[in-house]
Amino acid sequence: MHVGTGSSFLEQLSAITEGWDGSIERRYCHLSNVSALLNQYLEKINWVGFYLMREDRTALVLGPFQGKVACTDISLDRGVCGLAARSKQSVRVDDVHTFPGHIACDSASRSELVVPLINKNGDVLGVLDVDSAQRGRFAEDDQHLLERAAKIISQALWT
Ligand code: SME
């Protein structure tokens, strides 16, 4: 795993997602801090951030992130993000060059992990997307940690 200590990361995550007052700006405020925290903890990554479900539920729209300028709208039938949102499952890609339909926002990206954010009704709220310039950067334990993180984020911001 390429992360500090998982438990301290999750504790900090819980702390910085407290106090959502129901407003969209407060949700963006917390997600911005979460992207900063993830960027601080995860090693060897070149992009981390959120894509949130568009109101018409046909595409994802760029949310708070850390990294290079990225594509703004991702149709649900496209990319690693679209697949994760559509299937409601995490998608871990060791080499994005072998993933048909991968959307290359940064040509340096080589591996990717996308975890869906799902509310208590089972609706997809968006996805958490992490990219790395290193091939095979993400292991099963990274996936498990980020799935736990996604659960905390979804519960804190959309309850
Ligand atoms: N690679 C993603 C698009 C988002 S960027 O990586 C920031 C995809 O294929 O869905």
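Modeller: In the account that follows, axes are lines fitted to C-alpha atoms, for helices over the stretch in contact, and angles run from 0 to 180 degrees between N-to-C directions. The model is predicted, with local features requiring pLDDT of at least 70, side-chain atom pairs counted only at pLDDT 80 or more, and totals for chains, interfaces and linings taken over all residues. Residues are numbered from 1 along each chain as its sequence is written, and side-chain values use heavy atoms, leaving out hydrogens and water.

Colleague: At what angle do helix α1 and helix α2 pack?

Modeller: Helices (H or I, at least four residues) and strands (E, at least two) are DSSP runs, numbered from the N terminus. Here α1 spans residues 6-16 and α2 spans residues 24-41; the angle is about 165 degrees and the axes lie 10 Å apart. Angles under 35 degrees count as roughly parallel, over 145 as roughly antiparallel, 65 to 115 as roughly perpendicular and the rest as oblique; α1 and α2 are therefore roughly antiparallel.

Colleague: Which residues of α1 and α2 make the contact?

Modeller: Contact means heavy atoms within 4.5 Å. From α1 the participants are S8, F9, Q12, L13 and I16, and from α2 they are H30, N33, V34, L37, L38 and Y41. By class, the contact holds seven nonpolar residues, four polar and no charged, where Ala, Val, Leu, Ile, Met, Phe, Trp, Tyr, Cys and Pro count as nonpolar, Asp, Glu, Lys and Arg as charged, and the others, Gly among them, as polar.

Colleague: L10 is placed in α1 as well. Is L10 buried or exposed?

Modeller: Buried means under 20% relative accessible area, exposed over 50%, and partly exposed in between (1.4 Å probe, protein chains only). L10 has 8% and is therefore buried. Leaving aside neighbours within four places in sequence, L10 is in contact with L145, R148, A149 and I152. The C-alpha atoms of L10 and L146 are 9.4 Å apart, although 136 residues separate them along the chain.

Colleague: In what order do the strands of the sheet lie?

Modeller: Strands of a sheet pair through backbone hydrogen bonds, either parallel or antiparallel. Two strands are taken as paired if DSSP finds at least two bridges between them. This open sheet has six strands in the order β3-β2-β1-β6-β5-β4, with antiparallel pairing. Its edge strands, β3 (73-75) and β4 (91-93), each pair on one side only. From one strand to the next, the twist averages 25 degrees.

Colleague: How many bridges join β5 to β6?

Modeller: The number is eight, and the two strands run antiparallel. P116, for example, has V127 of β6 as its bridge partner. The hairpin of β5 and β6 has five residues between the strands, and G122 there takes a positive phi near 85 degrees. On the other side, β4 and β5 (residues 111-118) pair over three bridges, with R92 opposite L113.

Colleague: Where does β1 find its partners?

Modeller: β1 pairs with β6 over six bridges and with β2 over six bridges, antiparallel in both cases. W47 stands opposite G67 in β2 and opposite D131 in β6, while L52 stands opposite G126 in β6. Five residues separate β1 from β2 in their hairpin, where R57 in the turn has a positive phi of about 60 degrees. Seven of the seven residues of β1 are buried.

Colleague: Why is β6 described as largely enclosed by the rest of the structure?

Modeller: Nine of the nine residues of β6 are buried, so that description applies.

Colleague: Which helices lie on the sheet?

Modeller: α3 touches β1 (47-53), β2 (59-67), β3, β4, β5 and β6 (124-132), its direction making about 35 degrees with that of β5. α4 (residues 140-157) lies across β1, β4, β5 and β6 at about 30 degrees to β5.

Colleague: Which residues of α3 are buried?

Modeller: An α-helix has 3.6 residues a turn, so residues three or four places apart point the same way. In α3 the buried residues are G79, V80, C81, G82, A84 and A85. A84, in this helix of residues 79-87, has 0% relative accessibility and so counts as buried. Not counting residues up to four places away in sequence, A84 touches Q89, V91, V114, P116 and V127. Just after α3, K88 takes a positive phi of about 60 degrees.
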